[in-house]
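User: Please take a close look at a single part of this structure, the open sheet of strands, and then set it beside the rest of the chain.

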Amino acid sequence: MHLNTTRRVLAGLAVATALSTSAIALPAQAQTLRMAWSQDATGLDPHKQTAFASLRLLELVYEPLVRLDADLNVVPAIASEWEFSEDAQTLTFMLDPDATFSNGAQVTAADVKASFERLLDEATSAAARSNFLSIESIDTPDEATVVFNLNTPDVPILVAMATINAAIVPASEIEAGSIGTTAIGSGPFTLDSWEPNSREVLSANPEWAGGELAIDGIDISVLPDETAILASLRAGQIDFALLNDPLIATLVPNEPNLELNRVGVLAYNVLQLNPSRAPMDNLKVRQAMSCAIDRQEIIDAALAGEGTVTGPLTMPAFAQDPADLFCYEQDLDMARQLMEEAGVDGFTATVIAATGEPPVAASEAQVLQSQLAEIGINLEIEMMELNVYVDTWLSGEFDMAVAQNGGRPDPYPMYNRYFTAEGNLVHVSNFTDETLDSLMKQGQAETDPATRVEIFQEFERHLAEQAPWLWLSTGYSYTAQRDTISGFEPSPTGTLFGLTKVSVE
């Protein structure tokens with residue numbers, strides 16, 4: 001492989017330094033990796049999917065312009081080089097000339113332009129649309145060059161592009177209307193077959209510009225629960241597994257011939273309130289709920305102690321001590337006082353949670369139910385199959401939701417879509433606030449790293465005080481493997497892209 005070189009263009013901006021990738025030596029006979037997980041993808045359209053299970057699959061098939069490495073640096077994917085203008089209002093990408101879709105067609109500037117036009121089209125209902133609203137126009141001076149012209153300085157747009165929700169898909173497939181029914185990407189694997197809630201078969205993509213893989217494919221089984229996954233690992237029926245349940249993951253290190261990969265993640269566990277519904281439209285009620293919660297008890301009881309109390313900002317460069325946020329330590333006296341000031345003598349509400357994503361959702365809901373009962377709030381728990389939960393969550397039609405949401409290295413693409421007036425998921429948060437909106441826009445346009453930290457820490461303090469959601473914890477990403485597997489590189493984003501470096505003895 002050739003050397004891909006990028007340049008640092010803004011002080012403090014998380015762009016990559018030079019990256020050198022070399023092809024992995026192909027063993028005499030490549031093996032298929034036998035893998036399992038307990039939650040299957042809910043769809044194949046990379047621009048629309050929000051469930052972690054879907055993203056984990058699609059990250060192996062599609063590629064964005066850039067991606068995040070294990071240290072959260074932005075590194076090349078389809079693009080080999082990029083550069084911001086001095087005013088941060090023009091972003092130019094040079095495409096890797098070897099980038100090729102699995103159908104054999106070269107990835108061109110026209111595909112990039114068509115992909116982002118699809119993302120920006122409201123009719124697409126793209127999950128990350130609002131992260132790209134600064135794009136005023138897209139120029140394609142030649143087949144290998146794409147120029148994004150922005151209507152404002154937009155430092156975080158590069159990080160926003162480093163996600164599978166900004167995957168580049170063939171312009172021909174967009175025109176044919178087949179995105180989501182076919183899976184033609186430029187990623188390391190091709191999806192040969194998908195039997196929903198049963199099995200996926202992937203093959204190494206010989207056209208992938210990242211080089212030859214040491215495995216010839218991945219055979220993924222969808223097993224009913226993670227206890228069954230652990231049993232299959234023990235029996236040698238599978239080689240590798242994605243685990244979400246900390247109770248199961250903590251058993252792996254005690255098993256002979258098994259290894260656990262564990263890394264802290266940016267994703268967060270949260271109780272999402274619906275502030276458009278009474279009495280949660282009352283600030284004091286929301287604040288009372290925040291004061292009534294013992295976040296550490298939830299971690300200990302529902303997550304087997306595998307987590308850390310967090311505020312809204314989970315990324316190391318911006319996070320502040322949660323103890324500095326409003327009522328982040330349980331204070332039942334204050335909670336009861338706030339309920340009294342609100343004139344609310346208890347109420348009943350339904351909290352929705354998904355079966356299996358995360359596996360601790362039911363346990364979290366039960367602990368929350370017990371804690372909130374202390375101030376007269378009666379929670380009725382409704383468990384839903386993942387696809388039903390996702391549809392309900394996306395519609396915003398719930399009282400409360402136990403959720404696990406993805407994180408980003410930058411606060412703007414992480415929360416802009418939920419907490420700005422133009423956010424495409426503001427109907428999920430059901431909450432807008434002029435202060436939050438203003439701080440978001442300031443943080444988007446600011447190029448000085450230290451000033452950006454100050455802006456977003458103020459954003460975090462105000463968000464915690466307004467309490468439209470009650471942030472609980474961050475946890476870990478777990479994968480388990482037999483000792484015949486080597487090379488997997490875990491990431492704080494939870495991606496399984498590290499399977500590109502795996503070999504099977």
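Analyst: The sheet comes first, followed by a neighbouring loop residue, the disulfide and the nonpolar cores.

This is a predicted model, in which local features need pLDDT of at least 70 and side-chain atom pairs count only at pLDDT 80 or more, while totals for chains, interfaces and linings use all residues. Residues are numbered from 1 along each chain as its sequence is written, and side-chain values use heavy atoms, with hydrogens and water left out.

The open sheet has four strands in the order β6-β7-β9-β8, with antiparallel pairing. Strands (E, at least two residues) and helices (H or I, at least four) are DSSP runs numbered from the N terminus, and two strands pair if DSSP finds at least two bridges between them. The edges are β6 (79–84) and β8 (135–142); each has a single partner strand, so one side of each is left without a neighbour in the sheet. From one strand to the next, the twist averages 20°. Five bridges join β8 to β9 (residues 145–150) in the antiparallel sense, and Ser137 stands opposite Asn149 in β9.

Helix α2 lies across β7, β8 and β9, running at about 165° to β8. Such angles run from 0 to 180 degrees between N-to-C directions, with axes as lines fitted to C-alpha atoms, for helices over the stretch in contact. Thr108 sits in the loop between β7 (90–95) and α2 (109–120). Thr108 is buried, at a relative accessible area of 15%; buried means under 20%, exposed over 50% and partly exposed in between (1.4 Å probe, protein chains only). Leaving aside neighbours within four places in sequence, Thr108 is in contact (heavy atoms within 4.5 Å) with Leu95 and Glu143. The C-alpha atoms of Thr108 and Ala292 are 54 Å apart, with these positions 184 residues apart along the chain.

Elsewhere, the structure holds one disulfide, a pair of cysteine sulfur atoms within 2.5 Å. Cys291 and Cys327 form this bond, with their sulfur atoms 2.0 Å apart. Cys291 lies in helix α7 (residues 283–292) and Cys327 in the loop between β15 (308–309) and α9 (332–342), so the disulfide ties together parts that are 36 residues apart in sequence. Both cysteines are buried.

A nonpolar core is a set of buried Ala, Val, Leu, Ile, Met, Phe, Trp, Tyr and Cys residues joined through side-chain atoms within 4.5 Å. The largest has 38 residues, and those with the most contacts inside it are Trp393, Tyr415, Tyr418, Phe419 and Trp471. A second, separate core of 37 residues includes Leu271, Leu338, Val351 and Leu379.
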